Amino acid sequence: MRRICVLLLTVTLLVASCKKKEPKNLALGDWLGKMEVSDSQILPFNFTLSRLEDGNYLMKIYNAEEEITVDEISIDGDSIHIRMPIFDGLLIGTFTEKRMEGNFVEESKERSVPFTAVHGDKDRFPVKEDATVNISGIWETYFKVNTEGEYPAKGIFMQNGNDVKGTFRTKTGDYRYLEGVVTGDSLKLSAFDGSHVFLFMAQVTDSTLDGTFYSGRHSVEEFLAARNEAFELPDADSLTYLRDGYDRFDFSFPDTSGKMVSLSDPQFRGKTVLVQIMGTWCPNCLDETRFYVDFLEKNPDLEVELVALAFEYAKTEEKAFEAINRLKDRTGADYPILLAQYGTSNKQKANEKLPMLNHILSYPTTIYIDKNGEVKKIHTGFNGPATGEKYEQFKKQFAETIQELTQEESRISAD
């Protein structure tokens with residue numbers, strides 16, 4: 001009898017141990033994420049979680065009008081792994097039903113930012129009092145003030161009550177969709193887009209901003225701004241140009257199949273060519289790539305060839321091409337994206353690969369080449385959709401330039 005009892009107990013324990021553990025679930029709906037950009041400052045961002053028909057989770061990150069869909073979320077026990085849709089960023093950590101904790105990691109850049117998230121909270125920043133000022137308008141801004149690296153920017157903001165949306169434009173691009181509040185005389189803005197981890201804090205008067213800009217945990221910059229509705233940045237078409245002694249732009253880099261591609265190849269001869277200098281890690285480059293993909297889809301009959309030169313952070317050639325293929329798959333870019341450099345995005349090293357340029361000031365930069373192989377224009381940076389009116393101006397100017405270069409009489413659509 002005793003032997004039977006031991007046997008039954010053993011079988012019971014075996015059955016219990018073989019039972020699959022019930023998977024832990026995450027609460028659906030609104031979440032508030034927080035990045036620890038310094039020992040004293042927290043960058044908040046909003047996201048939601050939902051479930052797909054196959055049971056997998058879907059995450060949507062929000063920055064003002066921007067909505068980023070994240071569909072690569074894996075769970076193992078109480079561990080969670082969230083891969084950003086294009087960039088190499090990962091949210092890695094542990095979770096309970098209503099809380100996540102871990103780090104936002106960018107392996108190729110060797111960066112990590114502590115991360116937490118709590119379910120049910122929608123308030124990006126706490127509003128403790130009504131705004132005493134309204135920052136709507138244009139702001140002449142300078143970052144890294146009183147240092148050798150000082151650079152100008154144009155603040156563009158719209159405030160409604162306590163809520164603020166807008167961006168800073170620089171010579172090299174924009175800081176994309178910023179969202180936040182003015183509470184009393186304090187401005188707080190943030191953005192997390194899978195790559196950028198941006199927090200702006202400032203004291204505000206009717207005519208000045210005195211603040212600090214945190215980019216992840218790796219960079220802190222002081223900035224000052226003053227109201228100036230007439231302020232403009234230097235012309236983006238004047239910053240990059242061919243060096244004296246060069247009358248042509250050329251290159252020779254491998255595509256994703258390993259084939260070497262250059263401007264002397266037959267596919268480019270006798271056609272207008274746009275050369276996009278970019279990186280898969282660069283959010284402004286992503287905005288520009290999406291614009292180009294949309295433009296080519298709307299104008300399939302144009303004699304225009306687009307080719308991109310990618311300067312990658314990835315430590316190996318294999319990882320760099322993996323990032324390029326991921327970008328192509330996610331954006332639908334069917335034009336060649338060549339690997340110009342990997343292991344660093346250092347602009348000085350990049351310039352060694354393209355010595356005919358006075359400098360590579362910005363990722364992205366686009367070189368416009370006519371049917372005879374002559375460089376007609378070089379556009380530094382990209383004013384993305386977060387810049388509003390400036391983005392609309394860019395689209396109009398782009399269509400006009402392409403029309404001129406292709407000598408196309410019919411209407412070209414860039415809308």
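Biologist: Which element gives the largest share of the lining of the second largest pocket?

Modeller: Keep in mind that this is a predicted model. The second largest pocket has a volume of about 440 Å³, and 17 residues line it, with D88, E107, S108, K319 and E322 nearest its centre. Four residues of that lining, the largest share, come from α3.

Biologist: And by class, how many charged residues does that second lining have?

Modeller: Let's go class by class for the second largest pocket. Its lining has seven nonpolar and two polar residues, and the charged ones number eight.

Biologist: OK, what volume does the largest pocket have?

Modeller: Start with the residues around the largest pocket: 36 line it, and the closest to its centre are T172, Y175, H196, F198 and K347. By class, that lining has 13 nonpolar, 14 polar and nine charged residues. The volume of the largest pocket is about 1,000 Å³.

Biologist: Which element gives the most to the lining of the largest pocket?

Modeller: Several elements give two or more residues to that lining, among them β11 (151-160), β16 (197-204), β17 (208-215) and α2. The one that gives the most, with three residues, is β9.

Biologist: Now the sheets! Which strands stand at the edges of the nine-strand one?

Modeller: That open sheet runs in the order β4-β3-β2-β1-β9-β8-β7-β6-β5, with antiparallel pairing. Two of its strands have a single partner each, so one side of each is left without a neighbour in the sheet; they are β4 (66-70) and β5 (72-76).

Biologist: In β2, what is the bridge partner of L32?

Modeller: Strands β1 (residues 29-36) and β2 (residues 42-51) run antiparallel, joined by eight bridges. For L32, the bridge partner in β2 is N46.

Biologist: Why is one side of β23 and of β25 left without a neighbour in the five-strand sheet?

Modeller: The order in this open sheet is β23-β22-β21-β24-β25, and the pairing is mixed. β23 (337-341) and β25 (375-380) stand at the edges, so one side of each has no neighbour in the sheet: each has just a single partner strand.

Biologist: Which residue in β25 is the bridge partner of Y368?

Modeller: Look at β24 (residues 365-369), which pairs with β25 in the antiparallel sense over five bridges. The bridge partner of Y368 in β25 is K377.

Biologist: At about what angle to β23 does α3 run?

Modeller: Two helices are worth a look here. Helix α2 (residues 283-298) lies across β21 (272-278), β22 (304-311) and β24, at about 155° to β21. Helix α3 (residues 317-331) lies across β21, β22 and β23, and its angle to β23 is about 145°.

Biologist: Is the peptide bond from Y363 to P364 cis or trans?

Modeller: P364 is found in the loop between α4 (347-353) and β24. Most peptide bonds are trans. Here, though, omega is near 5° for the bond from Y363 to P364, so to speak the giveaway for cis.

Biologist: What about E110, is its phi positive or negative?

Modeller: E110 has its place in the loop between β8 (99-106) and β9. Most residues other than glycine have a negative phi. The phi of E110 is near 55°, which is positive.

Biologist: Last one: over which residues does pLDDT stay under 50?

Modeller: The protein averages a pLDDT of 92, and 93% of the residues score at least 70. Where pLDDT is low, the predicted coordinates should not be read in detail. The stretch under 50, for which the model has zero contacts beyond four places in sequence, is residues 1-20.

Key:
Residues are numbered from 1 along each chain as its sequence is written. This is a predicted model: local features need pLDDT of at least 70, side-chain atom pairs count only at pLDDT 80 or more; totals for chains, interfaces and linings use all residues. Side-chain values use heavy atoms; hydrogens and water are left out. Two strands pair if DSSP finds at least two bridges between them. Contact means heavy atoms within 4.5 Å. Axes are lines fitted to C-alpha atoms, for helices over the stretch in contact, and angles run from 0 to 180 degrees between N-to-C directions. pLDDT is the predictor's confidence in each residue, from 0 to 100. On a 1 Å grid over the protein atoms alone, a cavity is a set of points where a 1.4 Å probe fits but cannot get out, and a pocket is an open set with protein on both sides within 12 Å along at least five of seven lines; lining residues have an atom within 4 Å of a point. Grid points are joined across faces, edges and corners, and a volume is the space filled by probe spheres set on the points. Ala, Val, Leu, Ile, Met, Phe, Trp, Tyr, Cys and Pro count as nonpolar, Asp, Glu, Lys and Arg as charged, and the others, Gly among them, as polar.
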